[in-house]
Amino acid sequence: EVIHAVPGATLFLQNGHYGIRVGLAPEAAGADVRFARGDHVEVAGFVDRSGPVASLRNASAARRPEAAVSVPPQPIVATPAVILDANRPLPGTTAPAEPGDYQGCLIAFSGVVLQTQPTEEGGIVLLRCDATIVTAEADEPTFSAVGGTVPGSFVQVTGVVAIDREWHAAGDGAGAPQRLRLFLRDADDFRVIQAPSWWTVA
């Protein structure tokens, strides 16, 4: 199921608690299709595990013919602490996390804004959820809408999760997750629930 689409470039797909990023080849089938959130698709490409989210590169994509009306996907409600715990390696096992690792999935949680900062690509919003710090990344149009949020605001965010890990130099796999990042799809993924108690509108 499509949870986010960048026309002609990238699809983010989710199946249960597992997600994958699909990089579309410029001349491949599906590169000129405007996929919608909720579309069910079939994809083919080359597996790439070099990034934080499992990916297919040089891929093609097509809507499944039996899929009728696209229903916007609902996010999984999970705290950053739960997501990070699911990605901590268990000693003596290589079994996948249950019910999934949440990587590349559409997630929703609430937190407090610590600060906002513009970047060349758009901007970031630093959030605290309980004891966990999360970086929410936004493109330029999205950050233009949310970047003015007052620090201390209590917000609900939705987005695609990526986890940066500590990679072992010995090549024996990934270590503990170091940082959780959330990619906001648009301004609707960011909602202010309550302004800080000290904030008043002039």
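Visitor: In this predicted model, contact means heavy atoms within 4.5 Å. Which residues does Phe190 touch, not counting residues up to four places away in sequence?

Guide: Phe190 is one of the residues with the most contacts inside the largest nonpolar core. Leaving aside residues up to four places away in sequence, Phe190 touches Thr149, Gln156, Val113, Val125, Val146, Val155, Val157 and Leu184.

Visitor: Which strand gives the most residues to the largest nonpolar core?

Guide: This core has 25 residues, and Ile83, Ile107, Phe109, Leu127 and Val157 are among those with the most contacts inside it. At least two of its residues come from each of helices H1 (80–86) and H2 (140–146), and likewise from each of strands E7 (106–118), E8 (122–129), E9 (132–139), E10 (154–167) and E11 (174–183). The element that gives the most, with 4 residues, is E10.

Visitor: How many residues has the other core, which lies apart from this one?

Guide: The separate core includes Val2, Val41, Leu56 and Ala61. Its size is 10 residues.

Visitor: In what order do the elements of the protein chain run?

Guide: The protein chain has 2 helices and 12 strands. Read from the N terminus on, the order is β-β-β-β-β-β-α-β-β-β-α-β-β-β.

Visitor: What percentage of contacts between residues at least 6 apart in sequence join residues at least 24 apart?

Guide: The protein chain has 202 residues, of which 40% are buried. Among its contacts between residues at least 6 apart in sequence, the share joining residues at least 24 apart is 62%.

Visitor: What percentage of the accessible surface belongs to carbon and sulfur atoms?

Guide: The accessible surface of the protein chain comes to about 11100 Å². The part belonging to carbon and sulfur atoms is 54%.

Terms used: Residues are numbered from 1 along each chain as its sequence is written. This is a predicted model: local features need pLDDT of at least 70, side-chain atom pairs count only at pLDDT 80 or more; totals for chains, interfaces and linings use all residues. Side-chain values use heavy atoms; hydrogens and water are left out. A nonpolar core is a set of buried Ala, Val, Leu, Ile, Met, Phe, Trp, Tyr and Cys residues joined through side-chain atoms within 4.5 Å. Buried means under 20% relative accessible area, exposed over 50%, partly exposed in between (1.4 Å probe, protein chains only). Accessible areas come from the Shrake-Rupley method with a 1.4 Å probe; for residues, only the protein chains shown count as cover.
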